[in-house]
Amino acid sequence: MLSNLYGSLPIFAQNWACSWAGYKRSRQRFTPYFWRTLSAWEESGNGSLAPLHALQYERLRSLVERARIYVPHYRDMDLPPAAERSDPWDAIRETLSSFPVLEKAHYRETPERFLAEDIPRSRMIRGKTSGTTGTALPLWYTAEALAEEYATIWRMRRREGVDFRDWYQAFGGQIIVPFKQEAPPFYRLNRPGRQFLHSLYHMAPENMGAYVDAVHNLPASYIIGYPSSLHLVGRAMLERGRPIPRGRLKGIFTSSESLLAFHKETIEEAFGARIYDRYGTSEFAVSMTMCAAGRLHVDMEFGIVEVDVQESGDGWERGPLLVTGLGNDATPFIRYRIGDLGTRLTSPCSCGREGDVFADVDGRIEDFVVTPDGRRIGRLDHIFKDLLDIAEAQILQDTEAAIDVLIVPRESYNRAAEERLLREMRSRLGDSIKIDIREVESIPREPNGKFRAVRSRVGKQS
Ligand SMILES: [Zn+2]
């Protein structure tokens with residue numbers, strides 16, 4: 001998006017460019033398959049558990065059948081067909097238990113062996129996994145898998161009264177405002193998407209007033225974004241005594257990061273609306289959406305979630321999640337250890353909806369990088385998602401003046417890849433911060449076994 005050409009355009013022309021990109025994206029998103037799926041799932045999502053299990057079983061059976069025939073990884077394992085039982089839930093459990101757990105490391109070795117041969121390559125879209133190691137792996141999906149994911153997102157929004165014609169403001173990771181721009185506006189317009197996109201790369205203390213003004217002055221029925229960014233803006237709103245009056249917004253929809261308790265409190269107070277968080281992954285293997293009771297409901301039409309239980313107590317059990325995507329037809333993930341931990345409730349949610357429900361999922365918590373001019377920049381791990389020549393990467397920061405970037409290079413890593421990495425960093429962090437790239441053999445994990453892409457002494461999330 002931020003080509004040199006885009007960066008040199010006047011703001012009104014950048015708005016056109018964002019609108020054009022938004023138009024193209026909405027054409028890809030709102031397909032007939034999307035509308036059919038949304039309408040079917042709005043019905044099944046409000047129904048009882050037995051038909052949901054029956055639907056899950058039907059989808060699982062066809063996935064297993066295809067995997068056994070058309071997916072080399074599974075074909076070579078010589079697995080039995082899906083189990084037949086009168087109770088679909090028994091059949092699901094028995095079918096899954098015949099599959100070994102799929103570890104990320106296994107996928108990393110041979111991702112091509114997970115490609116389904118019955119889907120023409122022309123229908124496959126190349127994506128990237130969310131790495132547990134700060135980096136990403138290639139991944140393929142179809143337009144239908146994407147549509148199903150959007151169906152889960154829109155089902156959640158529509159439950160809270162959001163309409164497709166509503167305007168909204170987004171705090172996502174797109175670079176839509178050039179780093180060098182020093183004066184507001186720090187947002188751009190996507191007119192066909194009815195969306196104002198705020199930059200996450202200009203959040204310096206002296207700019208926060210402009211963000212607060214924009215949040216108040218731009219039209220919005222709801223807000224979407226990363227919890228860490230919304231928290232920064234929310235704090236600025238409260239510090240200035242300018243929260244949004246309760247009732248004006250229909251909801252705040254967060255995703256992509258762990259929603260921490262202090263995030264939730266500040267954001268809900270500042271924006272005057274309830275938060276609805278979503279847990280999803282780029283593998284199209286799982287989706288959970290929050291209800292008004294603050295619980296994460298598994299979107300059961302989209303995937304099956306098992307918990308590899310390590311701890312349990314009265315009414316809950318906790319452990320690593322094993323996910324089976326029912327919609328990812330291009331690269332099937334069956335019992336995939338996604339790398340996140342979750343706490344499942346063993347009794348139904350107080351909101352009254354049936355199905356699997358979680359109290360929390362620990363996704364990723366990353367620090368901010370702070371630039372010499374005081375901007376707090378989150379989600380820098382996104383940079384590494386586009387750089388497949390790097391196996392693992394971590395950003396370390398002790399002072400505002402500099403960062404160290406540790407990388408574990410792949411064989412394909414070379415001078416050009418390093419320059420690409422530097423360019424990506426500069427477009428988000430500007431030219432004044434010192435960047436030292438260091439090649440290392442490995443990067444240590446946190447005591448809980450999780451990988452942290454950004455560790456900053458000056459940009460702690462708290
Ligand atoms: Zn609920």
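These are my notebook entries on a predicted model, kept in the order in which I looked things up.

**Entry 1, domains.** I began with how the chain is divided. Domain 1 takes in 4-29 + 161-273, domain 2 takes in 32-153 + 280-362, and domain 3 covers 369-456. I then looked up the distance between the centres of domain 2 and domain 3, which is 31 Å over C-alpha atoms.

**Entry 2, helix α11.** Which residues of α11 are buried? In this helix, residues 261-271, I noted His 263, Lys 264, Thr 266, Ile 267, Ala 270 and Phe 271 as buried. I also looked up their packing partners, and these are the helix α10 (227-239) and the strands β6 (222-225), β7 (251-255) and β8 (275-280). Just after α11 comes Gly 272, where phi is positive, at about 65°.

**Entry 3, Ser 256.** I moved to the loop between β7 and α11, where Ser 256 is found. Ser 256 is not a glycine, yet its phi is positive, at about 75°. I wrote down the general rule beside this: most residues other than glycine have a negative phi. Is Ser 256 buried or exposed? I count Ser 256 as buried because 22 other C-beta atoms lie within 10 Å, and the cut-off for buried is 20 or more.

**Entry 4, Asp 78.** A second positive phi turned up at Asp 78, also not a glycine, with a value of about 55°. Asp 78 sits in the loop between α5 (72-75) and α6. Asp 78 is exposed, because it has 7 other C-beta atoms within 10 Å, and exposed means 12 or fewer.

**Entry 5, α4 and α6.** I next looked up how helix α4 (residues 49-70) passes helix α6 (residues 88-97). Their axes come within 8 Å and cross at roughly 35°. The crossing is left-handed. Which residues make the contact? From α4 I listed His 53, Ala 54, Gln 56, Tyr 57, Leu 60 and Val 64, and from α6 Pro 88, Trp 89, Ala 91, Ile 92 and Thr 95. Sorted by kind, the residues of this contact are eight nonpolar, three polar and no charged.

**Entry 6, core and Val 369.** The largest nonpolar core has 110 residues. Ile 252, Val 323 and Val 369 have the most contacts inside this core. I followed Val 369 further. Leaving out residues up to four places away in sequence, Val 369 touches Ile 377, Leu 380, Ile 395, Gln 397, Ile 403, Leu 429, Val 454, Ser 456 and Gly 459.

**Entry 7, Phe 368.** Phe 368 lies in the loop between β15 (357-362) and β16 (369-370). I class Phe 368 as buried because 23 other C-beta atoms are within 10 Å. Phe 368 is 87 residues from Arg 455 in sequence, while their C-alpha atoms are 7.9 Å apart in space.

**Entry 8, prolines.** Where is Pro 185 found? I found Pro 185 in the loop between β3 (168-171) and β4 (187-190). The peptide bond joining Pro 184 and Pro 185 is cis, with omega about 10°. My note on the general case reads that most peptide bonds are trans.

Pro 192 has its place in the loop between β4 and β5 (195-198). Pro 192 is partly exposed, because it has 15 other C-beta atoms within 10 Å. Apart from residues up to four places away in sequence, Pro 192 touches Ser 19, Gly 22, Tyr 23 and Ser 26. I last looked up Pro 192 and Gly 161, which are 31 residues apart along the chain, with 20 Å between their C-alpha atoms.

Note on methods: Residues are numbered from 1 along each chain as its sequence is written. This is a predicted model: local features need pLDDT of at least 70, side-chain atom pairs count only at pLDDT 80 or more; totals for chains, interfaces and linings use all residues. Domain bounds come from an automatic or database domain assignment. Helices (H or I, at least four residues) and strands (E, at least two) are DSSP runs, numbered from the N terminus. Two residues are in contact if their C-beta atoms, placed from the backbone, lie within 7 Å. A nonpolar core is a set of buried Ala, Val, Leu, Ile, Met, Phe, Trp, Tyr and Cys residues joined through C-beta atoms within 7 Å. Axes are lines fitted to C-alpha atoms, for helices over the stretch in contact, and angles run from 0 to 180 degrees between N-to-C directions. A crossing is left-handed if the near helix is turned anticlockwise from the far one by less than a right angle, and right-handed if clockwise. Ala, Val, Leu, Ile, Met, Phe, Trp, Tyr, Cys and Pro count as nonpolar, Asp, Glu, Lys and Arg as charged, and the others, Gly among them, as polar.
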